[in-house]
Amino acid sequence: MATEVSVLIATRNRPVSLERAIRSVLASEYSSFEIVVVDNARDCTDTELLITTVFGSDDRVRFVHEPIAGLARAHNTGLRVVASPYVAITDDDVVVDPRWLTHIMNAFATTDQVVCVTGAIRAAELDTPAQRWAEQHLGFHKGEHRTTFDLGEHRPANPLFPYVAGSLGSGANMSFRTSFLREIGGFDPALGAGSKARGGDDLAAFFEAIVRGYSLVYEPAALVHHFHHRTFEQLERQVSGYGVGLGAFLTKVVVDRPTRVFPLALRLGSGIRHLYLMRDRQPGPEGSDYDSRFRVLQRRERIATLRGPLAYARSRWATSRALPGGST
């Protein structure tokens, strides 16, 4: 029987956290769903063994393999086997709320113009200073109220909209009408974790939803709990990746339509202020080492954003040389 929503989970060599994520989805209140696990660029068969031995008797769990590294490419591989009208995407290091899918589907039901729904991301644990920093400053949680975004009556006052796509949601909790993802050709395989651009695939999809005249809804009740990195060394790599991904996403925006360079240039001053202020908050009472780490992470993100254009160019070139499979 056809399902209403397919949950895509891309993974690589993390069977323990993946099992936890799958079990949380299987406990969903919403009943008409399937789970598509995409094993991406694996170097062992632990994930496939988990699916066949632990979940093999559950026909709601499907398994596909994408040999070429890249989160966007993995999502596109999963999308090709999906027949459901909606796709909900999350990561292998989260636990979803039992009503996660219910709230997502309710948000889609508000109007046919809604092609994307994003949700809240909260910490699954706050055991270390790095996890507490991530929860406070990485901006996973976008607010407490349902918010609709579009280019019409729901256009926010921010002059950088819709280029500040990170304010619309995050890739660990994003859902789409399947038809929309196929309309835009899936996710750009030159973006995203695992590519040389390191991120930005989610931002590009949010941006396309807005500029094509559709609506995006942020629904905080559609909640997932994320296991943040436990050390500042891991956070430094993550924040640097976010910076490169942001610069790469903005480069893609111009590459796709060069005339966008003019509105971006007009917003340059606001953009610089946004870049330098978006993490510029008081670090909190964790001590001097925490304070110094806080400043290091800020600098790394800002500098990494400037590397985005070259990273995207290199990633586009690498993607063009890769085997087919990066688009739908």
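Accessible area, as I use the term today, comes from the Shrake-Rupley method with a 1.4 Å probe. By that method, the chain in this predicted model exposes about 14500 Å², and carbon and sulfur atoms supply 54% of that area.

Let me begin with the overall architecture. The chain is built from twelve helices and nine strands. Its radius of gyration is 19 Å, close to the 20 Å that the globule rule gives for 328 residues, so the chain is as compact as a globular protein of that length. Along the principal axes, the C-alpha atoms fill a box of roughly 55 × 45 × 45 Å. Of the 328 residues, 52% count as buried. Turning to contacts with a separation of 6 or more, 82% of them are made by residues 24 or more positions apart. As for charge, the chain carries 38 positive and 36 negative charges, and the mean positions of these two sets lie 7 Å apart.

I turn now to the interior. The largest nonpolar core has 43 residues, and the members that touch the most others are Phe176, Phe180, Leu181, Phe187 and Phe206. Which element gives this core its largest share? It is helix α7, with seven residues. A second core, separate from that one, holds 41 residues, among them Val117, Phe140, Val224 and Leu235.

Helix α7 deserves a closer look. It spans residues 201–211 and is mostly covered, with ten of its eleven residues buried. The buried set includes Leu203, Phe206, Phe207 and Ile210, and also the acidic residues Asp201, Asp202 and Glu208. Phe206, then, is a buried residue of α7 and also one of the best-connected members of the largest core. After the helix comes Gly213, whose phi is positive, near 90 degrees.

My last topic is Ser215. This residue is found in strand β9, which covers residues 215–226. Is Ser215 buried or exposed? Its relative accessibility is 7%, and because the limit for burial is under 20%, Ser215 counts as buried. What does Ser215 touch, leaving aside residues up to four places away in sequence? Its contacts are Gln113, Val114, Val115 and Cys116, together with Thr148, Phe149 and Asp150. Val117, a member of the second core, is 98 residues from Ser215 in sequence, yet the two C-alpha atoms are 8.9 Å apart in space.

To close, I return to two points: α7 supplies seven residues to the largest core, and Ser215 of β9 is buried.

Key
Residues are numbered from 1 along each chain as its sequence is written. This is a predicted model: local features need pLDDT of at least 70, side-chain atom pairs count only at pLDDT 80 or more; totals for chains, interfaces and linings use all residues. Side-chain values use heavy atoms; hydrogens and water are left out. Helices (H or I, at least four residues) and strands (E, at least two) are DSSP runs, numbered from the N terminus. The radius of gyration is taken over C-alpha atoms; the globule rule is 2.2 Å times the number of residues to the power 0.38. Buried means under 20% relative accessible area, exposed over 50%, partly exposed in between (1.4 Å probe, protein chains only). Contact means heavy atoms within 4.5 Å. Lys and Arg count as positive and Asp and Glu as negative; His and the chain ends are not counted. The place of a charge is taken as NZ of Lys, CZ of Arg, CG of Asp or CD of Glu. A nonpolar core is a set of buried Ala, Val, Leu, Ile, Met, Phe, Trp, Tyr and Cys residues joined through side-chain atoms within 4.5 Å.
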